[in-house]
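Here are my notes on the model you sent round. Please read them with the structure open.

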There are 2 protein chains.
Amino acid sequence: MAGNPTISDVAARAGVSVPTVSRVLTGAAKVSPAKRELVEAAIADLGYRPSAAARALVSRKPQTIAIIAGNTSRYGYAETIRGIEIAARAEGYTVMITVVESADEDEVDRAIEATLTQPLAGVAVLKFDPPGVAALGKIPGNLPVVALSGVREASLPQAVLDEAAAAEELTEHLLGLGHRTVHHVRVPPSRRTDGRTTGWRRALRRAGADVPPAVDATWDPRSGVAIGRALAADPAVTAVFCGNDEIAMGVMRGITEAGLRIPADISVAGFDDNPLAELWSPPLTTVEQDFAGLGRRGFQLLRNAIDGTDARRHSTERPRLVLRESTAAPKPR
Amino acid sequence: MAGNPTISDVAARAGVSVPTVSRVLTGAAKVSPAKRELVEAAIADLGYRPSAAARALVSRKPQTIAIIAGNTSRYGYAETIRGIEIAARAEGYTVMITVVESADEDEVDRAIEATLTQPLAGVAVLKFDPPGVAALGKIPGNLPVVALSGVREASLPQAVLDEAAAAEELTEHLLGLGHRTVHHVRVPPSRRTDGRTTGWRRALRRAGADVPPAVDATWDPRSGVAIGRALAADPAVTAVFCGNDEIAMGVMRGITEAGLRIPADISVAGFDDNPLAELWSPPLTTVEQDFAGLGRRGFQLLRNAIDGTDARRHSTERPRLVLRESTAAPKPR
DNA sequence: ATGAAAGCGCTAACAC
DNA sequence: GTGTTAGCGCTTTCAT
């Protein structure tokens, strides 16, 4: 026996037929205790492990789900993936990850093709960015899918973090402190607009405040530094809402380098509640997003889709404001 | 045709035999241009996609590798996984991730079993922590494996970041600044000792400096705060080397809360060069670890093992010291 | 309760 | 070059 033992090796060793071994394995039908014991002993002796490939081939019930993501290492992405993985593992699913780094059509196609080639029970797409959006569009309709993201959408099962509501609440908090308006630094959005920007604008409009143009940062926290310096140079800027904590940290550094203090001169708020946010100086006011929970909820929706359960297809959760020391009332003029 | 089209649907549609379609697919043998075109048209029409399960079953050349990791979201882990994934994808491999959260025997077994059930070309294990070490011990010998880690080891192919050398260099730097000794805060080690601790101790010993007991932190950056406060209370402490940047940030916060300044009163250095390290106040002296590169190198070694190439089985890289502003000469007494 | 036979979708081996 | 035949490791009939 050169390679791994197969089911027929087990059958031979136990002195039973192959289907009987299969029955023991799957528990699908009754097997007499005596034979069951023989089979189990043979399995243990041989170190036998069933082949998922052969199983998926014949039973058409793959136990693998694919996660498609534009990134795996940034905080929100990594935590969401972790949440999916934990929920999936708990229910006996294996997880496969495909990274689609750009929305470039060729790259998306290649990645999707490679993934869909696998026997998949379903797919979870992190629709956080343009690659995610592009990937979602390519998944064939007959495969169960769930989208995870910050922006609500109609057609597919989707788990959402209501970023717009949270951003609105945060902006209102800033306005309530007495700021005449709030400036906004965006992280790269998944589409023309994103929930954080939408909520921010909504709060400003409702309060009748000026809506200054949003400033675009990249995902690199360092991109916030120059933006912070520029913001510091504008005396109209008293409060800044950043698209994520990392950018906020860059912006704060830029503001500090320009000689202003936070929050005395300018209030800065972030988004995500990165584990380092509370350790920052000053500790960062932000919005706690339960990414791992998003992942878990997403997996549940995917399971519903896989099982054909006609259960809920949507799940929304409202992120929670975390007030710390980087925001305060504007200084009197 | 209820489900997905199969290779025989394609063959029927193109008016050729099944193996001919297979030959077009794999490029393994010559097919006349005419038939090739027919086949390609049929594939496109049907939206046919070969089944990786069936392929792996018969060809015994799976194109999937598994990554086994104790965590997916912490910086070093996430970056390493990203590096493996990118390298693997570039060579046509799909990546599957298994998380083993604890070294608990049952959990490790379950996770490994579930993974090995898949048709796998090979496995990459992140041997950063006890779960990784435990998992590594469970991989059957006939499966290509690579270990990625900070500590050199003999028997398996392994890609390494020479943390001991880097930690030694960093400690020497601190000693060279005039500190009588350097205190050390450890992150949870993968075994009794880890490279960072080893390098630190080696430098101290060689310099004839005191070797204070190492203090243990958890992975949570907040665990550093209390440690920082305690360290600040000890007047003998003038320099602290932390096992990673996040802990260093917690420690710095604790020291600052205790009323001391960095680096004037106490120098603090980290490890990893987290993207936020240079934005911290003061910017953190640390060691840049190329985790993504570690992942890439690891994948190459794994490929060697898979292909049976008798190429190198080890790859070491020396992390690079990054001097910033959190370390300085001790203040004169 | 159990075995024999069939077949999942594909590639390998062998004719021609 | 191309078709025919076999068979990967397993589950699913269908007998018994």
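1. Start with the surface near DNA strand C. Its largest share comes from α2(B), which gives five residues. Keep in mind throughout that this is a predicted model. The elements that give two or more residues to this surface are α2 (18–26) and α4 (52–59) of chain A, together with α2 (18–26) and α4 (52–59) of chain B. Both chains therefore appear in that list, as helices α2 and α4 of each.

2. Which residues come closest to DNA strand C? They are A:Arg23, A:Ser32, A:Arg60, B:Ile7 and B:Tyr48, out of 27 that surround the strand. Sugar and phosphate make up 68% of the strand C atoms that come within 4 Å of the protein. By type, the residues of this surface split into 13 nonpolar, seven polar and seven charged.

3. Look next at the phosphates of DNA strand C. The side chain of A:Ser17 places an N or O atom 2.9 Å from a phosphate oxygen. For the side chain of A:Thr20, the corresponding distance is 2.7 Å. Chain B takes part through its backbone: an N or O atom of B:Ser51 lies 3.1 Å from a phosphate oxygen of strand C.

4. Now turn to DNA strand D. It has 27 residues around it, and the nearest are A:Ile7, A:Tyr48, B:Arg23, B:Ser32 and B:Arg60. Of the strand D atoms within 4 Å of the protein, sugar and phosphate account for 64%. The residues of this surface comprise 13 nonpolar, seven polar and seven charged.

5. Which helix gives the most to the surface near DNA strand D? It is α2(A), with five residues. At least two residues each come from α2 and α4 of chain A and from α2 and α4 of chain B.

6. Check the phosphate distances on DNA strand D as well. A backbone N or O atom of A:Ile7 lies 2.2 Å from a phosphate oxygen. A polar side-chain atom of A:Ser22 lies 2.7 Å from a phosphate oxygen of strand D. For A:Ser51, a polar backbone atom is 3.1 Å from a phosphate oxygen of that strand.

7. How are the two protein chains related? Chain A superposes on chain B by a rotation of 180° with 0.0 Å of shift along the axis, at an RMSD of 0.1 Å. That is why the relation is that of a two-fold axis. The same surface serves both copies, since 100% of the contact residues of chain A recur in chain B.

8. The interface between the chains deserves its own point. In chain A, 47 residues are in contact with 47 residues of chain B. About 4,400 Å² is buried between the two chains, and carbon and sulfur atoms give 57% of that area. On the chain A side, A:Arg49, A:Arg253 and A:Leu279 lose the most area to chain B. Together these three account for 16% of what that side buries.

9. Is A:Thr181 buried or exposed? A:Thr181 has a relative accessible area of 10%, so it counts as buried. Its place is in the loop between α8 (163–176) and β6 (183–186) of chain A. The side chain of A:Thr181 reaches the backbone oxygen of A:Asp210 at 2.6 Å. Beyond residues up to four places away in sequence, A:Thr181 touches A:Leu175, A:Leu204, A:Ala209, A:Asp210, A:Pro212, A:Thr238 and A:Ala239.

10. B:Asn304 sits in helix α12 (residues 291–307) of chain B. Its relative accessible area is 18%, under the 20% cut-off, so B:Asn304 is buried. Leaving out residues up to four places away in sequence, B:Asn304 touches B:Thr309, B:Ala311 and B:Arg312.

11. Finish with A:Gly308, in the loop between α12 (291–307) and β11 (314–317) of chain A. At 51% relative accessible area, against a cut-off of over 50%, A:Gly308 counts as exposed. A:Gly308 and A:Ala111 are 197 residues apart in sequence. In space, their C-alpha atoms are 27 Å apart.

How values were computed:
Residues are numbered from 1 along each chain as its sequence is written. Chains are lettered from A and ligands numbered from 1 in the order in which they are written. This is a predicted model: local features need pLDDT of at least 70, side-chain atom pairs count only at pLDDT 80 or more; totals for chains, interfaces and linings use all residues. Side-chain values use heavy atoms; hydrogens and water are left out. Copies are superposed by least squares on the C-alpha atoms of residues with pLDDT of at least 70 in both. Contact means heavy atoms within 4.5 Å. Helices (H or I, at least four residues) and strands (E, at least two) are DSSP runs, numbered from the N terminus. Buried means under 20% relative accessible area, exposed over 50%, partly exposed in between (1.4 Å probe, protein chains only). A residue is near a molecule or strand if one of its heavy atoms lies within 4 Å of it. A polar contact is a pair of N or O atoms within 3.5 Å; within protein, one must be able to donate a hydrogen and the other to accept it, and residues adjacent in sequence count only if both atoms are side-chain atoms. Ala, Val, Leu, Ile, Met, Phe, Trp, Tyr, Cys and Pro count as nonpolar, Asp, Glu, Lys and Arg as charged, and the others, Gly among them, as polar. Buried area is the accessible area (1.4 Å probe) that two parts lose on being put together, summed over both.
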